[in-house]
Amino acid sequence: MIQLKSLTRIFDDKPVLDAINLEIPEGSFTSLLGPSGCGKSTLLRILAGLDQPSAGTLLFDGEDVREKSATLRNIAMVFQSYALYPHMTVRANIGLPLAMRSMSRLERLPLVTALLPSARRKRAANGREVERIAAMLGLTELLERKPSELSGGQKQRVAVGRALVRDPKAFLFDEPLSNLDTKLRGQMREEISLLHKQTGKTFIYVTHDQTEAMSLSDQVAVMMEGHILQVAPPRILYSRPANTKVAAFVGEHPINLLTVKPVGTALQSPFGAFVLSEAWDGDIILGLRPENIALVENGPLQGRVTRVDYLGGHTLLDVELSEGICLRVADEEGPLVPAVGNVVQLSIAPQKIHLFKAESGERLPLEVRQRGEAV
Amino acid sequence: MALSPRQLSAPHLKEAATTLSLAGPATLAMLVLIFIPSLLVAVFSFTDYQFGARSFHWVGLDNYVTLFTDRTGRRAVTNTLLYVAVVMPLSMIFSLVVALGVQSVSTWSPRLATMLRTAYFMPVAATLVAMATVFQMLLHPSLGLINQLIGLVGIPGQSWLSDRGLVLYTLAAIGIWETIGYNMVLFLAGLTAIPSQLYDAAEIDGANNWWDRFWTVTWPMLGPTTLFVLVVTATRSFRVFETVATLTQGGPAYASDTLVYAMYREGFVYFKAGYSSAITVVFFVAVLILTLTQVRIVEKKVHYR
Amino acid sequence: MIAARYLSRAVSLGLLLLGAAIILLPFFWMISLSLKPADEIFQDSIQLLPSHFEWNNYVVAFTKMPLWRFLINGIIVCCGILILQILIAVPCAYALTQRDFRGKAIVMGMVLAGLLVPYHVTAIPLFLGLSQLRLLDSYAALILPFIASVFGIFLFRQFFATIPKDLIDAARVDGLSEMSIVWRIAFPLAWPAATAFAVFSVVAHWNDLFWPLIAVSSPELATPPRGILFFRDVEAGSSFGPLMAATAIVTAPLVLVFLMAQRAFIQGLTMTGLKG
Ligand SMILES: Nc1ncnc2c1ncn2[C@@H]1O[C@H](COP(=O)(O)OP(=O)(O)OP(=O)(O)O)[C@@H](O)[C@H]1O
Ligand SMILES: [Mg+2]
């Protein structure tokens, strides 16, 4: 188990990581999801021992590892740029971490390796291990090539192989797929997922692509501006976002947000009239995902379509409600084919409405029920 | 700067030790082999220290006064300046002409251009002392090839290396021979960097012969390279030593004495370390001024691009 | 029009060839003299080529003087200097680019300042220091003064600055110590810089006369240029053929390297404009 306790990293008086708390269970697949520049790589580098936190503690299985160098932590890392050694063959690239760990300084000297029986034995064992990993990743044919002679996906695989070969405590991935084309990305995603199942190791995966995070992870930590906003399994992240920022960041299309003021338990909104499970005093932000709004023949809401984006599987519509308020709607290809200017009817499932406190943006743990018809 | 407890913690000490093992040897070597000796030379230059002597006296600026007033000292200074004044412009002009020629040949025969470049660069790769002994043969007053060749066109043979009025120019000619190739390569690099659209533009603007195009495009665009070449050549010429030591040893009658050779002779033949140090300091200051100019030019050149 | 173009080409090519002939004349004459019998070397009339090749001059060059010795000394000194320079400069250049430490600016300042100091300047104190250490007239005296190559640090630093930080970090995660990163990752990647530097260093020290003249007095320690002067002064006037043979042999290694690897060679010498 890896624990981060109020971990802080300050660059030039600016906190890039601000009191991060996070627990990463042994063997889990944890994603760090966040927009560019939010400090994901910084966090990963601190985990790997390449950077030191300015404050806070970092525990591996309860042991404080802040004093341990990258070498001693036995953590493997796959870099966004792959970071393969350009002057070495694939075989040497994969084999290097193994040689550095299993052989002494003396045994690594070129001539000694040939002479010393123990060094020879270790080298042979290392060689077999490299070949086993290469076979596992489908790299056997490429072992004698240099990185410059590989495609992006192959490089990626070599980088993974280099991480895999030395049986590390945990794998860190820093946006490993962002340099690949869409198709390859899907394929590599599956391979990484499979790898996680095969090895059973802790995987920590940094990405700004929520599809990757959602599809791969046991838990996702959403990061923004140096803070962790929510740590949760993908489903919870989507169905119960902890605040408006997470709600806005997670989901294929931007969520509709609207501030309203309840009166007791009664909630009058342009989306309809609802009842809260408990009375709430103060402004509330209603969050409604575009995919939770349905186009229907006969619905409680009505509006004029102002924009239509056909996206293949579904259509994204901007619907202007009578009050001049716009609602984003993701419509599954249905019997109705709306066009700009059409007047359409909408229906909303009240249990899919998210409630947030207006002043803090945090989730409001209340239920919503329908009351009567639209205003 | 006070060390915080964090900076004294084990990993920080280890980091510091690693840095020390990486940068320490070089830093130490630079101090011991470059900076401390440079300071010492300046200190020696104010003494009458002689190699092997047990003591020395402070003599203030005497060594410098001697260098600039004594006939032989002044000879070394003026000879060096004259040598630079001859080699610098001539080497530059010749190498620019050659570079332009090679560049134009390369437009219709790249192979030939490469061969020419090779030929002109040969002296840069050659061992100067060895070539100087060859020059000694070539310049032999009675039986050398040079005098025989000019004899063919009716010019009387010269004592190239023992005529007081001629010897410095002979050495300068060898200096030019030695530096043309190097400068040509620098100019060629400068020429290749000129975008060809500029020539098209100049032609449209009415610069339709080679001469006009040279003055409107080539020369201004080569400006930074030219300055660079000038200073590099000057710095190198200032250090002239090998040919003097091999061919004339400063003679006849100090007619070809130069700063570095005088430094060598006074210090390591006559063991006058103090006086030699003063010569060194003067030489150093001159080279320093040139090199700093060069650094400024290099910076400008970067901005220019 | 076309005729004029060809005429101008012919004229400029002619002039260039003439210039090249003048530049190459000493080389030609060196070879020619080194192959001439003694009685043909100085003649009243111009005789460009030997009447027959007197290979014996080369034999004499190797037997009458310790030419082998000079060449081996040259190799020992150049290799010694180059290896030590690299051993010292490369880790420092790495620390200056890939690590943060206090005093980095000072070390960098020293490197830049060091570029301004011609090696002649330090000769007197170094001579004194070496004589105090009783090291004069030894290989150490020929090698040690040059091991702190600020230019090497400068050149490698520029190269190391282009190595992506990720690559160094990957090596750290892979378990390499900083020293291993320097020699296993950074240095092999800086191969072009290393070649250029090697050319620069070897050319400078193979050809150097100033320091060998000061630092050693015994002929057994003479580097090639120093050796040629020894030979010339001892054999003055009598054996010019062998002397020319010796100069040809001394000049040959670098010229041959130049002819075979022109691009690297020229780059090595011109990249070094800052310190020549
Ligand atoms: N060495 C450094 N010195 C100063 N600031 C830094 C340093 N490294 C990172 N930063 C800053 O820290 C912030 C977070 O950087 P980081 O690389 O962790 O972002 P990231 O989430 O990985 O972004 P991306 O998705 O673009 O990789 C950025 O604003 C960056 O400018
Ligand atoms: Mg990043």
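**Chains B and C: terms and cut-offs**

Modeller: In this predicted model, B:Glu15 and C:Arg99 form a salt bridge, with their closest N and O atoms 3.5 Å apart. Local features need pLDDT of at least 70, side-chain atom pairs count only at pLDDT 80 or more, and totals for chains, interfaces and linings use all residues. Side-chain values use heavy atoms, without hydrogens and water.

Biologist: Why is the pair B:Glu15 and C:Arg99 called a salt bridge?

Modeller: The term requires a side-chain nitrogen of Lys or Arg within 4 Å of a carboxyl oxygen of Asp or Glu. The closest N and O atoms of B:Glu15 and C:Arg99 are 3.5 Å apart, so the pair satisfies the rule. Across the interface of chain C and chain B, the rule finds one salt bridge. Helix 1 (residues 2-34) of chain C gives the most to the side of chain C that touches chain B, with 16 residues.

Biologist: What makes C:Leu49 count as exposed?

Modeller: Buried means under 20% relative accessible area, exposed over 50%, and partly exposed in between (1.4 Å probe, protein chains only). C:Leu49 has 55% relative accessibility and therefore counts as exposed. This residue is found in the loop between helix 2 (38-41) and helix 3 (56-64) of chain C; helices here are DSSP runs (H or I, at least four residues), numbered from the N terminus.

Biologist: How do you know that helix 11 (residues 259-269) of chain B is mostly covered?

Modeller: In helix 11 of chain B, 10 of its 11 residues are buried, among them B:Leu259, B:Tyr264 and B:Phe268. Just after this helix, B:Phe271 takes a positive phi of about 60 degrees.

How values were computed:
Residues are numbered from 1 along each chain as its sequence is written. Chains are lettered from A and ligands numbered from 1 in the order in which they are written. Helices (H or I, at least four residues) and strands (E, at least two) are DSSP runs, numbered from the N terminus.
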